[in-house]
Amino acid sequence: MPDKLDSQPHLKRVLGRGDLVLLFVVAVFNLNVVPSIAANGGVTVWLWIGSLILFFWPQGIAVIELAHRYPGEGGVYLWAKEVFGDFHGFLSGWCYWTNNMLYVPTVMLYFVGVSVYVLGGGHQALADNKMFALTASVGLLVLLTILNIVGLGVGKWLNNLGGIGTGIAAATLIGLGLVTFFKFGARVSASEFRIPADPRFVLNSFGVICFGLVGLELASIMGDEIREPQRTLPGAVAWGGVLSGLLYIGATLTLLIAVGKNDISVLQGIVQAVSHMASEVGVGWIVAPFALMLSFSIAGIGSAWMGGSARIPFVAGLDSYMPGWLGKVHPRYATPYAALIVQAVVSALLVILNFAVAGVQEAFKFLLSLAVVLQLVPFLYMFGALLKLAFTSDGSEGRYSKPTLIAAGSSGLITTILGIALVFFPARQVTSLGVYETWMFGGTAFFVGLAAFFFFVYGRNKVSKPVLVKRVEHGDARIGKV
């Protein structure tokens, strides 16, 4: 009998470097946010480049540094907890998790908007049918939940298939864009790349762009499920980051060249562009298989974010700041099944609620904008942690020098604050300013208030976990609780 038992449940190490690179491409490069950004014109290309330099590069530095110093399951939750204390760790993890309750439904809606093209011509209007969109969204949500409960050993193949689908879809989109450009010229003028006289709608895009560039931290949330994480993670972050940045800029330019900002649909803009370009160059047959590949990509995005973010309440359940049953793992598949089920139920309810008060495309923007705010809160802690470590530690435990940590932390923190503030400016698709601002301020206050409740009220009732020690009774070694 072993001398010591570990009372904590264990997750399986199944993710290698190739899995992580594909995971980063799936999680970071989300084609579903590109149409809503490109709809604001060519000026968004400069926003992409600025965000890559000021937010994405610092994010990569932060992920590698913090994962090196604080390895283990939890990622943004664990890092904020170690550097700033328990409440800040819980708030960081809570916002990361609840953001995905809002974001995953937008992925489901985007899946609906794209998948109707697989059915062939004449079915595109189904994407704006509330009943069809609701049924398809909830159905996909249930499927992804089941696959993630079965485990990353199975679920990772959907992530990988999504990564492959993303690569094929992006290559097709950009390739058609280049052919169209050389054959017919661009449908976007140089003036489109200048800052407009009324920049309100463009301001919202900056927050969404920052939101679109998150995801490098996702693998660290599953730190206990990565094979040799100290050696595997840095290279995967670098490759995943470079590929995602190039794909974002290329996809945005292609949409502007092929369709023009005034005709881009936030849900069907990608397939809309491919359909238009394919028709012009005489390869219209490509639309259905392209939509199928893009559907795989979207399903992979939903699976990656659902599976990754569910590790937050799993760890919080183990820490007893949330109900302990959230920390349970499936007896057969060794996955945080309770946290996954709760996330799926809340996401489904949010889809239903938004369909009750808005159209499909407006519901998409409402969910996406609030998700941006909640998603970026953990990055305030992540970049703040870099600055604190730069000024309080001697640097011997880290991977980067003090000047690098200060530069990355300062740039990332300022950009994150700006991204949160600017997303409160409504996008073009929002028809009611009052409803939008009520949703944004009220939703932010609601989710932050719930975090405070769970930590300060529920957390006060937490009971220390029993410690397992070795006892010797009648000459036999036994394990008992004290």
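1. A definition to start with: rings of Phe, Tyr and Trp (its six-membered ring) form a pair if their centres lie within 6.5 Å. Please keep in mind that this is a predicted model. Ring pairs of this kind link F87, F90, W94, W97, F453, F454, F455 and F456 into a cluster. The count for the structure comes to 16 aromatic pairs.

2. One of those pairs is formed by F55 and F379, whose rings sit 5.7 Å apart centre to centre with 45° between the planes, which makes the pair tilted. F55 belongs to helix 3 (residues 43–69) and F379 to helix 15 (residues 360–392), so this contact ties together parts that are 324 residues apart in sequence. Both partners are buried: F55 is, and F379 is as well.

3. Back in the cluster, have a look at F453 and F454. Their ring centres are 5.5 Å apart, and because the planes stand at 70°, over the 60 degrees required, the pair counts as edge-to-face. What about the burial of these two neighbours? F453 has 41% relative accessibility and therefore counts as partly exposed, whereas F454, with a relative accessible area of 16%, is buried.

4. Away from the aromatic rings, helix 16 (residues 402–422) is worth a glance too. This helix has 21 residues, and from its first C-alpha to its last it reaches 30 Å, close to the 30 Å expected at 1.5 Å a residue. Its buried residues are L405, A408, G409, S411, G412, T415, T416, G419, I420 and L422.

Notes:
Residues numbered from 1 in each chain as written. Predicted model: local features only at pLDDT ≥ 70, side-chain atom pairs only at ≥ 80, totals over all residues. Heavy atoms only, no water. Phe/Tyr/Trp six-rings, centres within 6.5 Å; stacked < 30°, edge-to-face > 60°. Helix = DSSP H or I, 4+ residues; strand = E, 2+ residues; numbered from the N terminus. Buried < 20%, exposed > 50% of the residue type's maximum accessible area, 1.4 Å probe, protein only. Expected span 1.5 Å × (residues − 1).
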